[in-house]
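Me: Please take a close look at one part of this model, starting from its loops and following what they connect to. I work with computed structures, so give each term its cut-offs once.

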Amino acid sequence: MLTKDGVHGIMTPLVTPFTEREDLDEAAFRREVGLMLDLGVHGLVVGGSTGEGHALTPEELGRLTIVAASEARGNVPVVAGVITTCTRDAVRRGRVAKEAGADGLMVTPIIYQVPSDDGLFDYYDRIWREVGLPLIIYNVVPRVPVSPRLLRRLVSIEGLVGIKESIGGNLDTLSEMVRTVGDKISVTWAQDPLLFAGFALGATGSISGINAVLPQLSLDLWHAVERNDLNTARKIHYRMLPVAQAMGLDNWPARVKELVNLQGRNVGPARRPFIPVTEEERERMRAALAEAGAPLGVSS
């Protein structure tokens, strides 16, 4: 099972390729998994934000998890994303992922409504007790943030092994989490334009969208910080920055997929209501990828 030490380095949140009819494109997904494994990423995450987990059925999440686990063959952990609105559905999705071979779950706070801190504690505690897979909290819902204070309570849950500190927090909360609970769980960082800063502050790795767009540079950045080569890390950061900025926030799944498609890795469209980017946006993305030194192919 996934442990604290297994949540480290560059864990890629995989995109979910779709056909033009918005059905799963399993062959393209296998290609993405194979690419990441060949590059040497430290883990695979299925059905996170980058994988449009909000738009996947439990059955689709299960199928993608089966494919990723079969390709990984136990060499790296496979984590399934849970993005939903209630405990009951989160448990259902977690059980499907467990049956499919997931090593752990990456779970957002509930979306849409705002629970109390006691409700959030109960949410994660019940998922652990009813599914039995190790948990990574995905702190990505600004209206329902997992604060450092709440996290200090949540680490009492036996199955909690990590947190992905994303836009539900900031560098300040990341620092506080590393300082106060970094000895108990893995504290990873996932704000794309600021990976270098998070690594320098002690984040144990990244499960960030840019890892799927620029996997080699993400690995290069991580390894540079690991060996304390901050000059090299800084140079890589500035190569990656225009791409991270091009990802933006609005229409995010479509932007991410366009950046992947522009590199010749055909992962298709995002599921609507996320619509194709404009030609002006596409040209800015091409320029950003060229500045990063990424290979440019043909957009799907």
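Reply: From the loops to helix α11

With a relative accessibility of 21%, Glu22 counts as partly exposed (buried is under 20% relative accessible area, exposed is over 50%, and partly exposed is in between, for a 1.4 Å probe and protein chains only). The model is predicted, so local features need pLDDT of at least 70 and side-chain atom pairs count only at pLDDT 80 or more, while totals for chains, interfaces and linings use all residues. Residues are numbered from 1 along each chain as its sequence is written, and side-chain values use heavy atoms, with hydrogens and water left out.

Glu22 sits in the loop between β1 and α1 (helices are DSSP runs of H or I of at least four residues, strands are runs of E of at least two, both numbered from the N terminus). Its phi is positive, about 70°, although Glu22 is not a glycine. Most residues other than glycine have a negative phi, and most peptide bonds are trans.

Asn251 also departs from that pattern: its phi is about 55°, and it is not a glycine either. Asn251 belongs to the loop between α10 and α11 and, at 18% relative accessibility, counts as buried. A further backbone feature is the cis peptide bond that joins Arg272 and Pro273, with omega about 25°. Pro273 is in the loop between α11 and α12.

What lies between these two loops is α11, a helix that is largely enclosed by the rest of the structure because 10 of its 10 residues are buried. Its buried residues include Trp252, Pro253, Ala254, Val256, Leu259 and Val260. Charged side chains are not excluded from this set: Arg255, Lys257 and Glu258 are among the buried residues of α11, and so is Asn261. The cover over these residues includes α1 (26–39), α8 (209–213), α10 and α12 (279–292), where contact means heavy atoms within 4.5 Å.

Helix α11 also takes part in the lining of the largest pocket. The elements that give two or more residues to that lining are α10 (230–247) and α11 (252–261). In all, 30 residues line the pocket, and Ser49, Tyr138, Val140, Ile167 and Trp252 lie nearest its centre. Trp252 is therefore both a buried residue of α11 and one of those nearest the pocket centre. The space in this pocket is about 690 Å³. On a 1 Å grid over the protein atoms alone, a pocket is an open set of points with protein on both sides within 12 Å along at least five of seven lines, and a lining residue has an atom within 4 Å of a point. Points are joined across faces, edges and corners, and the volume is the space filled by probe spheres set on them. By class, the lining has 18 nonpolar, nine polar and three charged residues (Asp, Glu, Lys and Arg are charged; Ala, Val, Leu, Ile, Met, Phe, Trp, Tyr, Cys and Pro are nonpolar; the others, Gly among them, are polar).

Charged pairs give another view of the same region. The structure holds 25 salt bridges (a side-chain nitrogen of Lys or Arg within 4 Å of a carboxyl oxygen of Asp or Glu). One of them joins the side chains of Glu32 and Arg265, at 2.7 Å from N to O. Glu32 is in helix α1 and Arg265 is in the loop between α11 and α12, so this pair ties together parts that are 233 residues apart in sequence. Both ends are covered: Glu32 is buried at 4% relative accessibility, and Arg265 is buried at 14%. Glu258, one of the buried residues of α11, belongs to a network of salt bridges with Glu279, Arg282, Glu283 and Arg286.

Two other pairs can be set beside these. Asp89 and Arg93 form a salt bridge of 2.8 Å, N to O; they are four residues apart in helix α3 (residues 87–100), about one helical turn, and both are buried. The side chains of Asp118 and Arg153 meet at 3.0 Å, N to O. Asp118 is in helix α4 (residues 117–131) and Arg153 in helix α5 (residues 148–154), so this salt bridge ties together parts 35 residues apart in sequence. Asp118 is exposed at 53% relative accessible area, while Arg153 is partly exposed at 37%.

Notes:
On a 1 Å grid over the protein atoms alone, a cavity is a set of points where a 1.4 Å probe fits but cannot get out, and a pocket is an open set with protein on both sides within 12 Å along at least five of seven lines; lining residues have an atom within 4 Å of a point.
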